[in-house]
Amino acid sequence: MMVKRITQHSQPRKQKMRVKFQSHKQPKLVSIESDQSHSLYHLALGGVCLLLYANSLTGEFVHDDLFAVVRNKDVSSGSIWDILSDDYWGRSIADPRSHKSYRPLTILTFRFNYLLFGQHPFSFHVVNVLLHTLVSLLFMDVCRDTVFTRDARSSFHVGLLFAAHPIHTEAVSGIVGRADVLACLFFLLSFSAYSRGIINTGRGPTQVQYSSLVSSTVFAALALLSKENGITVLAVNAGYDIACNVRHIRCSRSLTQGPARCLLKRLVFVSISGLFLFLVRVWVMDGTLPQFLPEDNPASFSESVTTRFLTFSYLIFFNIWLLLCPATLSYDWQVGSIPLFEGLSDLRNILTLLTFLALTSLALKTLHLLLQGDSCRPLCVGLLFLVVPFVPASNIFMTVGFVVAERILYIPRSGLLTLPGNAKVHYNWANYLSDTGNTQSAVQHYKETIRLYPDHASAHNNLATLLPDGPEKESHLKAVLNIDASHVNAHVNLGVLYSKLGNSSLATQHLEQALLIEADNVKAISNLASILTDLGEFSGAAVYHGSAIRLQPGDPDILNNYGVLMMRTGRGEQARIHFEKALSIQPGHVTTMGNLGLLERQQGRIDLAESWYLRALSMERSLATLKGLGSFYFWRKDWAKAGETYRQLLEIAPNDMDGLFFLGQALTNMDSLSEGEVVLASAVALYPDHLELRRSLANIKGLLKKYQEAVLHSGAAVTIASQTDLTKGTLAMIYFEHGNHLKDVGDYDGALEAYTTSVSLDSELSGAFLNIGGVLHIQGSYEEAEKNYLRALSMDSQNTILQENLRKLSRLMKKKQREAPGN
């Protein structure tokens, strides 16, 4: 009887629900590097930063450096308190001509540079390079803590790309770019502090860590005092918090309890803090916006709304293109560097459209994954870091004083790097291959995804659904839960796996955990119902099946599983109705075909049963369909067809335990003992702790009169059985078989001990009493032998061997009596 165990992919599939498992080797998971290795990464990354920008140390003051440093009185001669009332260029913030770029913390660092080393550019460049090195190191650590949480190597690679990206040349080599570098430093410190306060333990944090919130806000304020876009870190923090806890919001019964309540408190705190900082910034600007010249930002002075909209939209593509392909860089993209758009006929609009489509698709994909409960931190962090810090420079809310400023991309570049590039490509391609039935290639691409990004929980989960039941599959599903304890699909799939492996307790535990995370998860409900059906708890199973059908009345898997319950409870015709309804919805549902075959077999329609099994096989030549047909032939004792079916099965999966076991059994029943011995021996080599394989191999060794080898395997079976939760009857039979093999090698004392243990477990095992009598008979204990023979006879009065032994014993006892002294 086949219950469809419903596994879950981490993304919904349009294709029919189907589980296929093939044997593949488990990829080696990347572990967390040691502190020593991480220190080496710090040294290596720091060395790269210094090496790359060493040539900038001898540079002079150029372009904006002259206005922000050389000619800025706040750097060299003015009162230090003037820094708090002047803009970045030394002009009073209240001056109508001021650009309102209020960055007192950056100016303060310039001031310290001047006080310590004078107005020599070398010291200013050294500080910039050191700050860039510090930011690169911090960025690597942030990635390690929040994006690639189990792989310092990937974080190092991303940090290396950040440190070496050409787009940073202006920000690092140009002294005025220190504002961007410094803002990024505090931006990352704020994000790091905030993220530490919302470490996800699987059910979300249950307390608000105000120390993290306060420190994060302080760093955000320092970022704002370094450069205006630094305040966007508060929005990034809030977005990251929501992304990390969206599943808890969806599963929470109330927004005023548990993790959802804590999230709400944090968001309120961040909102109030952000509003306060914003109002302070507006107050500093005296409530006025900056005034720019046409050459600063020509599009903003165009009278055409279309020109402004199309040009500003195109600039978003242009900035992203600079991040992706920094082939042409300039310190000053102004005036006519980028021609204005005159209308929709401009071919550059195609690039704009493609950019917005790509960003929208990426955003929707991220939202979809979050709503599905998938872990997608690289996407979330990447989009937040890429988009949010760029918003102030996008001309959306206010006009800026430049066309393109490469140094403004210093923070957004970090977001682009955290996107899971090639890993995501391999993952999406693996999903497609899996959906189209190309399982082997899908497995390879899932493995490559994991190699590139070891923390990709959904890749581990989806790979596990393609692996055979066993340690490999289990390890990947456990890896998912190590990454994300709330990954509902992994809990469901582990529940299904443990159910198949016979561990109903662990299976139930994971499925119930899945329901705690997502109360309406129909796959968890249906699989719990199936487990209860297997355990014979039919009333509880019916409740769960009813819930599953109410949630998804058109799901063929659920209808099939409910039909199994009907069949188990003797309601064959109701089972048939549900099976046929499942096939009407999905005509190729091979599990239902197999169950219809079993139903017809139970009702005596053998030919019709065989036709269902063959039909299932014609639809899908898989392990499941071959096992179904093989078990049917095995039940019918058609050993030749059973053997041929299991041979076909082993062509697909050469190490399949069921295939090896039943082929060995079929060969034994066909008297092909030598071939059967080879098959079962190879199975035992693969599965040394499998009880039934040991028993079968001991039996065939005994038939081949290899008695010592038979004892070896029957003894192993006894050891395995003693450590397994078996019924007393089963355990008694295992001791009985071991006794038989001991008897065959002449170890009568050992055999007697095994038989005695057997009858202590099952007092109705007549064969054991017979054999106890036989051993005692041989050893000359005739009276005890007679007692055991008679006990066996009371249970099996027609046993001819027993009757013959009693006659022989009677003659011996009479002879002994005649020969006794005094007779």
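The expected span of a helix is 1.5 Å times one less than its number of residues.

**Figure 1. Helix H22 and its span in the predicted model.** Helix H22 covers residues 522-534 and has 13 residues. From its first C-alpha to its last, H22 reaches 18 Å, close to the 18 Å expected at 1.5 Å a residue. At the N-terminal end, Asn521 acts as a cap for H22, with a side-chain oxygen 3.2 Å from the backbone nitrogen of Lys523. Just after the helix, Gly536 takes a positive phi of about 80°.

**Figure 2. The surroundings of helix H22.** H22 is mostly covered, with twelve of its 13 residues buried. The buried residues include Val522, Ala524, Ile525, Leu528, Ala529, Ile531 and Leu532. Lys523, Ser526, Asn527, Ser530 and Thr533 are also among the buried residues of H22. Which helices do the buried residues of H22 pack against? They pack against helix H20 (488-500), helix H21 (504-517), helix H23 (538-551) and helix H24 (556-568).

**Figure 3. The largest nonpolar core.** This core has 45 residues. Met567, Phe579, Leu596, Phe634, Leu649, Leu663 and Leu693 touch the most other members. Helix H28 (residues 623-635) supplies the largest share of this core, six residues. Apart from this core lies another, of 44 residues, with Cys184, Leu188, Leu234 and Ala238 among them. In soluble globular proteins, nonpolar side chains tend to be buried together.

**Figure 4. Contacts of Leu663.** Leu663 is one of the residues that touch the most other members of the largest nonpolar core. Leaving aside neighbours within four places in sequence, Leu663 is in contact with Gly643, Tyr646, Arg647, Leu650 and Val679.

**Figure 5. Tyr114 in helix H4.** Helix H4 spans residues 104-117, and Tyr114 is found in it. Is Tyr114 buried or partly exposed? Tyr114 counts as partly exposed because its relative accessibility is 27%, which falls between the 20% limit for buried and the 50% limit for exposed. Not counting residues up to four places away in sequence, Tyr114 touches Val75, Ser76, Gln119 and Phe124. Tyr114 and Phe124 are ten residues apart in sequence, and their C-alpha atoms are 8.4 Å apart in space.

**Figure 6. Two loop residues with positive phi, Asp671 and Lys705.** Most residues other than glycine have a negative phi. Asp671 is not a glycine, yet has a positive phi of about 65°. Asp671 is found in the loop between helix H30 (657-669) and helix H31 (673-686). Asp671 counts as exposed because its relative accessibility is 64%. Lys705, also not a glycine, has a positive phi of about 60°. Lys705 is placed in the loop between helix H32 (691-703) and helix H33 (707-722). At 63% relative accessibility, Lys705 counts as exposed.

**Figure 7. The protein chain behind the close-up views.** The chain contains 38 helices and zero strands. Of its 823 residues, 53% count as buried. Among contacts in the chain with a separation of 6 or more, 64% are between residues 24 or more positions apart. The chain exposes about 37000 Å², and carbon and sulfur atoms supply 59% of that area.

Notes
Residues numbered from 1 in each chain as written. Predicted model: local features only at pLDDT ≥ 70, side-chain atom pairs only at ≥ 80, totals over all residues. Heavy atoms only, no water. Core = buried A, V, L, I, M, F, W, Y, C linked by side-chain atoms within 4.5 Å. Buried < 20%, exposed > 50% of the residue type's maximum accessible area, 1.4 Å probe, protein only. Helix = DSSP H or I, 4+ residues; strand = E, 2+ residues; numbered from the N terminus. Contact = heavy atoms within 4.5 Å. Polar contact = N/O pair within 3.5 Å; in protein donor to acceptor, adjacent residues only side chain to side chain. Areas by Shrake-Rupley, 256 points an atom, 1.4 Å probe, with all protein chains shown as cover.
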